[in-house]
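Hi everyone, thanks for making time for this. Please pull up the model on your screens, and I'll walk you through a few places in it.

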Amino acid sequence: MLAMPEHCCVCDEPRWQPYWRGLRRCPRCTFVWAITEENYDQAQDIYHDPGYFFGGEYLDYVKERPYLAKGFRLRLDMLRRFASSGLLFEVGSAFGFFLEGAKKNFTVSGIDINAEACAYARSNFNLNVITGDLLKIDLPENHFDVIVSWATLEHLTQPHLYVKKISQLVKRGGIFACSTGDINSPLPLMQKGNWRLIHPPTHLSYFSRRSLAELMNRCGFKPVYSKWIGEHRSLDGMLHSYFVTLKKKPSIYEWFKRKGLNKGGFYLNTWDTIFMIGRRV
């Protein structure tokens, strides 16, 4: 069983500072984390629940596929600047939308803890994905050319253990690409505790460019690329996330639906999501 650490899991700094909404901040590397009363097994139950993807964190993840796929294509385009082929493994592969696009260039496989999502990826896209926790699954070391993890690190109680395991699985010279929120970017510094990505217990670990780069370095990756990226989302999904998931005001969301103001989709970059690539040294 894993518990939230009392010290910084990125740089091992024992001191911490109180931060927004009960979070803790490392004064050395700027990593921020939540302390919750839930243990690791209880937290994982959130993602085993089919409702997480349908009405919870997302309005309907499968219906969002056209928009999510556009965002994944942008990540794939950036990824291919550093690796154009080989064995690619995704940690947190969900319903397989990224792997479906990536298999045109790579031999793909993945893992997710949600059994329903994995079953969907296997039956609809014929993808090689397994259900489970990366830390508890035996995989060949020094095997993969590329490992990716999109919007996953923030959900982990001890993300350093996962990045360390990923470094063991990637070949020397291979790459690890990830995306996660940037708690030290302009928007959260302005909004503070009202920042859209602060919502334990689903989000527990909060990185800055500095702390994410330090974690990569400590786990054997040299950061070679970093930028803020946006997301393609349906307007309906964005309204649900904001008014239902975050603000707990479903009546406002329903008003938009009744007025027909929830149609279409768009690309939005609020400059608070890091896309970082590290090369295994």
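Let's begin with the lining of the second largest pocket, whose residues divide into six nonpolar, two polar and six charged. Please keep in mind throughout that we are looking at a predicted model. The volume of this pocket is about 230 Å³. If you want to find its centre, 14 residues line the pocket, and the closest to the centre are Arg73, Glu100, Gly101, Ala102 and Lys104. Which element gives the most to this lining? That is α2, with six residues. Both α2, residues 65-79, and α3, residues 97-102, supply at least two residues each.

Now from the pocket to enclosed space. Rolling a probe the size of a water molecule over the atoms shows where empty space is left. Here, the count comes to one cavity of 30 Å³ or more. The space in the largest cavity is about 30 Å³. Around the largest cavity you will find Glu154, Thr180, Gly181, Trp195, Leu197, His203, Ser205, Tyr206 and Phe207. Two elements, β8 and β9, give two or more residues to that lining. By character, the lining of the largest cavity divides into four nonpolar residues, four polar and one charged.

Let's turn to the sheet. It is an open sheet of seven strands, and if you read across it, the order is β6-β5-β4-β7-β8-β13-β10, with mixed pairing. β6, at 129-131, and β10, at 221-228, stand at the edges with a single partner strand each, so each has one side without a neighbour in the sheet. On average, neighbouring strands here are turned by 15° against each other, ignoring direction. At the β6 edge, β5, residues 107-112, pairs with β6 in the parallel sense over three bridges. Take Ile111 as an example: its bridge partner in β6 is Ile130. As for what packs on the sheet, helix α7, residues 209-218, touches β8, β10 and β13. The direction of α7 makes about 155° with that of β10.

Next, a loop residue, Ser85, between α2 and β4. Is Ser85 buried, partly exposed or exposed? Ser85 counts as partly exposed, because its relative accessibility is 45%. Leaving aside residues up to four places away in sequence, Ser85 touches Asn105, Phe106 and Asp145. For a sense of distance, the C-alpha atoms of Ser85 and Asn262 are separated by 39 Å, and these two residues are 177 apart along the chain.

I'd like to finish with some backbone details. Most residues other than glycine have a negative phi, and most peptide bonds are trans. So where should you look in this model? The peptide bond from Pro200 to Pro201 is cis, with omega near 10°. Pro201 has its place in the loop between α6 and β9.

Then there are two residues with positive phi. Thr30, which is not a glycine, has phi near 80°, and Thr30 lies in the loop between β2 and β3. With a relative accessible area of 7%, Thr30 is buried. Asn126 is not a glycine either, and its phi is positive at about 55°. Asn126 is found in the loop between α4 and β6. Asn126 counts as exposed, at 70% relative accessibility.

That's my tour, so thank you all for listening, and I'm happy to go back to any of these spots with you.

Notes. Residues are numbered from 1 along each chain as its sequence is written. This is a predicted model: local features need pLDDT of at least 70, side-chain atom pairs count only at pLDDT 80 or more; totals for chains, interfaces and linings use all residues. Side-chain values use heavy atoms; hydrogens and water are left out. Two strands pair if DSSP finds at least two bridges between them. Helices (H or I, at least four residues) and strands (E, at least two) are DSSP runs, numbered from the N terminus. Axes are lines fitted to C-alpha atoms, for helices over the stretch in contact, and angles run from 0 to 180 degrees between N-to-C directions. Contact means heavy atoms within 4.5 Å. On a 1 Å grid over the protein atoms alone, a cavity is a set of points where a 1.4 Å probe fits but cannot get out, and a pocket is an open set with protein on both sides within 12 Å along at least five of seven lines; lining residues have an atom within 4 Å of a point. Grid points are joined across faces, edges and corners, and a volume is the space filled by probe spheres set on the points. Ala, Val, Leu, Ile, Met, Phe, Trp, Tyr, Cys and Pro count as nonpolar, Asp, Glu, Lys and Arg as charged, and the others, Gly among them, as polar. Buried means under 20% relative accessible area, exposed over 50%, partly exposed in between (1.4 Å probe, protein chains only).
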